[in-house]
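Here's a walk through the model on display, starting with its charge pairs and moving on to the chains and their surfaces.

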Amino acid sequence: MTKYVIRRIVQAIPVLFGVSIVVYGILLSAPGGPTARFANNPRITNEQREEFKKAWGLDQPIPVQYCRWLGVCNPDGQGLGVFIGPKGLPNFLPGVLSGGTNGVLHGDFGYSIDSGESVMGRITRAALPTFILASFALVIWITIAVLMGVVAAVKRNSWFDQVATIFAYVGFAMPTFWLGIMLIFIFSGPGLNILPAGGMTETRLSPPFGSNEYWAYFGKQPLAALADIGRHLILPVITLVVVNIAGDSRFVRASMLEALGQDYVRTAKAKGLSNRSVTFKHALRNAMLPVVTNIGLEIPFLFTGALVTESIFSWPGIGKLTIDATRGFDYPVLMGVLLITATLVVLANLFADIAYAFVDPRIKY
Amino acid sequence: MAQEIERGAVVADVENRPEGPRTDYEVGLESLSQWQLAWRKFKKHRLALIGLGILIALVVIAIAGPIVMPFRFDSIARPDQIVYQGRGPSLSHPFGETGGLQRDVLLLVVNGARWSLLIGFSSMAIGVVIGTIIGSIAGYAGGAVDNILMRVVDVMLSLPILFVILVAARFFAGARDNIWTIIIIFGLFGWMGVARLVRSLFLSIREREFVEAARAVGVRDRRIIFKHILPNALSPIVVAASLIVAGNIIGEAFVSFLGYGVNPITPTWGNVLSSALTFIPLGNWWWPFFPGFAIILTVLAVNFIGDGLRDAFDPRSRA
């Protein structure tokens, strides 16, 4: 077991390394480069552009830039000393040991071109709204998907099963953004107009979410503030739930059907156990095994959020941050989000594999 | 092709037995190829047939529609006919008219079919070709090559692909006629699933006896790959391809919806939806509804066909 865990972790390292190269490569190959935003500004001279490049280390060869960005190289080092941090140990080690502070390995993703804030700051600020939206949606859709899948499997070919099948097919085929738009039309359009069309808080009532003023307001009127967020949550949560139930409920159903067809279920029935006991104690427990690992794979979603849903409902989370960064060619933010997301996905996969091996004794490693 | 898996099904031709009391009718012994067998099973799958019908209708619309109802970006209503509000569905305009330029939504949807289907299918083709090549190499070569290629796949699958596509489209698809750029971007980022699938198929098929036999006779690698292994791996690839089409149509609509996809003067379904967003406060529901409905219909049809194909190719299911 320990050997298996270690092997999986070792396998994950080159993948993470590859991710960092791909992320760096994609953004490096982007047209224009970081000085593109000055290209059409007549008041910025060529000299100033060169100054800018020099100040940000953009005049260095690409491997050096990558190495510094990663945090393996120390920008102040000379010769082979670039790999050694200020405290004399290799620079890629955590800051406490090596004294190195630059690069993504030390949590330094640089500064947003748009706002000048640190990328880490922007990402952590956007993480809370994403977590709120994603956790609500995740809990609701998994609850419904499990219930739906189990009932559909137990009452196979009943009308409920058929309705659930149709629902899954349609939900699977439905583009998220289309559902979002239609919900906005229905509930926020001129007809009903009972729910807000977007945002996280009512801008007329409260300061923007996440600012210091907002928390002061939140401290004064916590109930009103929570109710406000709740109202704004309804439509995006519905969107996410409907779209995601489809796949997950099918998965639960398939898993449950497989468990119900196993020999031990027949044995339990033959022993004369009650239907309920067979279904819930014997079949359901075993059917939940793949389901739980599948849920594990959805955990990164709590951070990455929903690109599509957030951008439609202008929810101020990671998804919207990403879209805004794409719009404004905000390289550092894009790289930070891509890298953190990919790292989380790799870790979640690792975690799911290990958890599965741990829970299911039949798996050989 | 596919000599190995011809099961030589023995079929008593009972259905076509001549009428009457004759008892000495001939028992037809026909040998069906894998594809004929699959088609027999596919025909029994009701949803798949419906899906096929819808898809054929959509393809006809995509080919003939723009000829019958040509869309010209610069043909707009006379200024005195333009009102800001769109008009709802009516007899002359069954899908309604958009706000702003007063375009017929039906016209937009019909013309969008051509582009959306073109994008869905061509980018799928690119992705499947790349994925099959990489998967075959990895599965056939094995060892270090396999390991490296599969780590590359792992890397690509760890990235949020839709986001990567969005960034790539934003960076590279600025031109006026960028539809092929978009198609290539979707193809280049949509091969990983197929590569994994093909690799696993190759791993199992290359150990089978007929491959061993071929190798023993001295057949060259290339011939083994293309004549012996690939035909046997084809059916799961076809099923996977159908899912990719669906994903790419939705993905394109989303990227266009955000404004980084196909140039807005080309009416793809995503573009039509995208321009509708500004009119939400006016309640012009028909504008985003119909292009979205077209997407759902297409994806449903493709998924039904995929399900049908999966059952048809599954040797355990009987027709």
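## Salt bridges

Counting over all chains, this predicted model holds 12 salt bridges. As background, side chains of opposite charge can pair when their charged atoms come close. A handful of these pairs are worth a look, so to speak, one by one.

Take A:Arg125 and A:Glu117 to begin with: their side chains meet in a salt bridge, with N and O 3.0 Å apart. How covered up are the two partners? A:Arg125 has a relative accessible area of 42%, so it's partly exposed. A:Glu117 comes in at 29%, which also makes it partly exposed.

## Pairs within a helix

Two bridges in chain A sit inside a single helix each. In helix H10, which covers residues 263-270 of chain A, A:Asp263 and A:Arg266 are 3 residues apart, or about one turn of the helix. The two form a salt bridge in which the closest N and O atoms are 3.5 Å apart. With a relative accessible area of 56%, A:Arg266 is exposed, because the cut-off for that label is over 50%.

Further along chain A, helix H14 (residues 318-327) holds both A:Asp324 and A:Lys320. Here the spacing is 4 residues, again described as about one turn of the helix. Their side chains meet in a salt bridge at 3.2 Å, N to O. A:Asp324 counts as partly exposed at 28% relative accessibility, and A:Lys320 gets that label too, at 25%. Both values clear the limit for buried, which means under 20%.

## A network in chain B

Over in chain B, salt bridges link up into a network. Its members are B:Arg151, B:Asp154 and B:Arg196.

## Chain A as a whole

Which kinds of secondary structure does chain A have? It's helices here: 15 of them, with 0 strands. Along the principal axes, the C-alpha atoms of chain A fill a box of roughly 85 × 60 × 40 Å. Of its 365 residues, 46% are buried. As for contacts in chain A with a separation of 6 or more, 65% of them involve residues 24 or more positions apart.

The accessible surface of chain A is about 18,800 Å², and carbon and sulfur atoms account for 65% of that. Chain A carries 29 positive and 21 negative charges, and the mean positions of those two sets are 12 Å apart.

## Chain B as a whole

Chain B has 11 helices and 0 strands. Its pattern, read along the sequence, is α-α-α-α-α-α-α-α-α-α-α. There are 319 residues in chain B, and buried ones make up 48% of them. Look at its contacts between residues at least 6 apart in sequence, and 72% turn out to join residues at least 24 apart. The accessible surface of chain B adds up to about 15,700 Å², with 63% of it belonging to carbon and sulfur atoms.

## A positive patch on chain B

Which residues gather in a patch of positive charge on the surface? They're B:Arg220, B:Arg222, B:Arg223 and B:Lys227. One of them, B:Arg220, lies in the loop between helix H8 (209-217) and helix H9 (221-257) of chain B. B:Arg220 has 63% relative accessibility and therefore counts as exposed.

## A nonpolar patch on chain B

Chain B also has a nonpolar patch on the surface, formed by B:Val129, B:Ile133, B:Ile137 and B:Val145. Together these residues have about 330 Å² of accessible area. Which helix gives the largest share of the nonpolar patch? That's helix H3 (residues 105-141) of chain B, with 3 residues.

B:Val129 is found in helix H3, and its relative accessible area of 48% makes it partly exposed. B:Ile133 is found in helix H3 as well; at 48% relative accessibility, B:Ile133 counts as partly exposed. Neither value is over 50%, so neither residue gets the exposed label. In sequence, B:Ile133 is 66 residues away from B:Arg199, but in space the two are 9.4 Å apart, C-alpha to C-alpha.

Definitions and conventions: Residues numbered from 1 in each chain as written. Chains lettered and ligands numbered in written order. Predicted model: local features only at pLDDT ≥ 70, side-chain atom pairs only at ≥ 80, totals over all residues. Heavy atoms only, no water. Patch = residues over 30% accessible without salt bridge, like charges linked within 9 Å, V, L, I, M, F, W, Y side chains within 5 Å. Areas by Shrake-Rupley, 256 points an atom, 1.4 Å probe, with all protein chains shown as cover. Salt bridge = Lys/Arg side-chain N within 4 Å of Asp/Glu carboxyl O. Lys, Arg positive; Asp, Glu negative; His and termini not counted. Charge placed at Lys NZ, Arg CZ, Asp CG, Glu CD. Buried < 20%, exposed > 50% of the residue type's maximum accessible area, 1.4 Å probe, protein only. Contact = heavy atoms within 4.5 Å.
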